[in-house]
Amino acid sequence: MKYDEFAFFNQQLAAMLRDGIPLEGALQRLCQEMRRGQLRDELQTLEADLAKGTPIADALAPRQLPELYKRMVLVGVKSNDLPGALTMLADYFQRQNNVWTRLKGLLVYPFIVLFAAFIISCFLSYILGHFIWNSLGELTNFYNSYDEFYGRHTTAPTTVGLWFPPILFGVVLVASFTALLILPARQALRWRLPAFKEASLAEVASVIWLMLKNGVPFGEALKFAEQLEQGTRAEKVIAHWREQLASGRGKFSDIAAADDKKNPKPLFPPLFVWTVTQSGEDMAAGFKHAAELYQNRALYRIEMLLYSTLPCSILLIASLIFSQLQPVFNALTTFIKALSY
């Protein structure tokens, strides 16, 4: 699902609901203007179920839509402010689209560099091994036979070192693709790599803020955030927060401090906790500030990493060429020394 398209859809849907158009009619009109795809099919099925009189909770349950979206729509209906909930959801998905699109772009560039390095390395190994290296070996054998009378001997070069760089780049490329395809590995990297971790912190804070802003109790907001982070490192931390809240701790600083004592390097840094607690009793505003802070930090890190990838890729390619030509230079040096005797 494209989050930017989904955000635009919800903005239009909220505007139509404010104008007094019924939900079923607004969905039908918007679906007619959407291009074909999974999102349109899901929304058309939702509109058809609502037109049949199916309760909105039952109509939303089987739909392949984000869990946060389904939960927040029900909260908006319950609070009689569905347009407001849809507007907040549109802003949330638009921000998520901006951050994760840049993060995906940050991943694509290194893969392109690795793939290009692998191709160049294979090409150099083939050229050096089948033309230059074989010629050096033939010359070495010729002069060995010529100099047998003088008792001199030059070792013929081998091609083992020539194929080490492409093998290394191939292993790194396959390992990187495998790590991204395996869900547990991808989730682990999301909470360890700097820019991805800050984007994940912003996402968790945004989810909790959305639910608190629409009147959901803090405990239920934490439970839902825990469900969304199932299988990640954040799941255990948020579950521990819920336990502390259930035990009577009301302030978020006390809840997070209990987690800090258990972990020397907490997953949610002190700045995150401090930003939330600075808003006092208005915990929704605190999580909103934390979401904005870490979203901006993630975007800044992404920009810095993107700027650094170009010089790093140039250095990588230069190092690759030098490492593959060095055995040739060493063989030529040995060969010239043998001729100078």
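# A tour from Gly215 to two cavities

Start by selecting Gly215, the residue that follows helix H9 and has a positive phi, near 90 degrees. Before moving on, please keep in mind that this is a predicted model.

**Stop 1: helix H9**

Now extend the selection back to residues 194-213, which make up helix H9. If you place a distance between the C-alpha atoms at its two ends, you should get 28 Å. At 1.5 Å a residue, the 20 residues of H9 should span 28 Å, so the two values agree. Next, colour H9 by accessibility: is the helix mostly covered or mostly open? Mostly covered, with 16 of its 20 residues buried. Keep H9 on screen, as a later stop returns to this helix.

**Stop 2: the aromatic rings**

Show the side chains of Phe, Tyr and Trp. The model holds 15 aromatic pairs. A good one to zoom in on is Trp241 with Phe252: the ring centres are 5.0 Å apart and the planes stand at 80 degrees, so this pair is edge-to-face. Which helices does the pair join? Trp241 sits in helix H11 (residues 233-246) and Phe252 in helix H12 (residues 252-262), so the contact ties together parts that are eleven residues apart in sequence. Trp241 has 1% relative accessibility and counts as buried; Phe252, at 3%, counts as buried too.

Stay on Phe252 and add Phe287. These two rings also form an edge-to-face pair, with 5.3 Å from centre to centre and 70 degrees between the planes. Phe287 belongs to helix H14 (residues 283-339) while Phe252 lies in H12, so this pair ties together parts 35 residues apart in sequence. Both residues are buried.

To see the wider setting, select Trp191, Phe218, Trp241, Phe252, Phe268, Phe272, Phe287 and Tyr294 together: ring pairs link them into a cluster.

**Stop 3: the largest cavity**

Time to look for enclosed space. There are two cavities of 30 Å³ or more. The largest has a volume of about 80 Å³. Bring up its lining by selecting Leu13, Leu23, Leu27, Leu46, Ile56, Leu60, Tyr69, Val73, Leu82 and Leu86. At least two lining residues come from each of helix H2 (23-33), helix H4 (56-60), helix H5 (67-78) and helix H6 (82-146). What is the chemical make-up of this lining? Ten residues are nonpolar, with no polar and no charged ones.

**Stop 4: the second largest cavity**

Swing over to the second largest cavity, which contains about 50 Å³ of space. Select Arg95, Gln96, Val99, Ala199, Ala202, Glu203, Ser206, Ala291, Glu292 and Gln295 to display its lining. Here H9 comes back into view: H6, H9 and H14 each supply at least two lining residues, and H9 gives the largest share, four residues. By class, this lining has four nonpolar, three polar and three charged residues.

**Last stop: the cysteines**

How many disulfides does the structure have? A search of the whole structure finds zero. Two cysteines are still worth a click. Cys31 is buried, with a relative accessible area of 3%. Cys122, at 23% relative accessibility, counts as partly exposed, because the partly exposed class runs between 20% and 50%.

Methods. Residues are numbered from 1 along each chain as its sequence is written. Side-chain values use heavy atoms; hydrogens and water are left out. Rings of Phe, Tyr and Trp (its six-membered ring) pair if their centres lie within 6.5 Å; planes under 30 degrees apart count as stacked, over 60 as edge-to-face and the rest as tilted. Buried means under 20% relative accessible area, exposed over 50%, partly exposed in between (1.4 Å probe, protein chains only). The expected span of a helix is 1.5 Å times one less than its number of residues. On a 1 Å grid over the protein atoms alone, a cavity is a set of points where a 1.4 Å probe fits but cannot get out, and a pocket is an open set with protein on both sides within 12 Å along at least five of seven lines; lining residues have an atom within 4 Å of a point. Grid points are joined across faces, edges and corners, and a volume is the space filled by probe spheres set on the points. Ala, Val, Leu, Ile, Met, Phe, Trp, Tyr, Cys and Pro count as nonpolar, Asp, Glu, Lys and Arg as charged, and the others, Gly among them, as polar. A disulfide is a pair of cysteine sulfur atoms within 2.5 Å.
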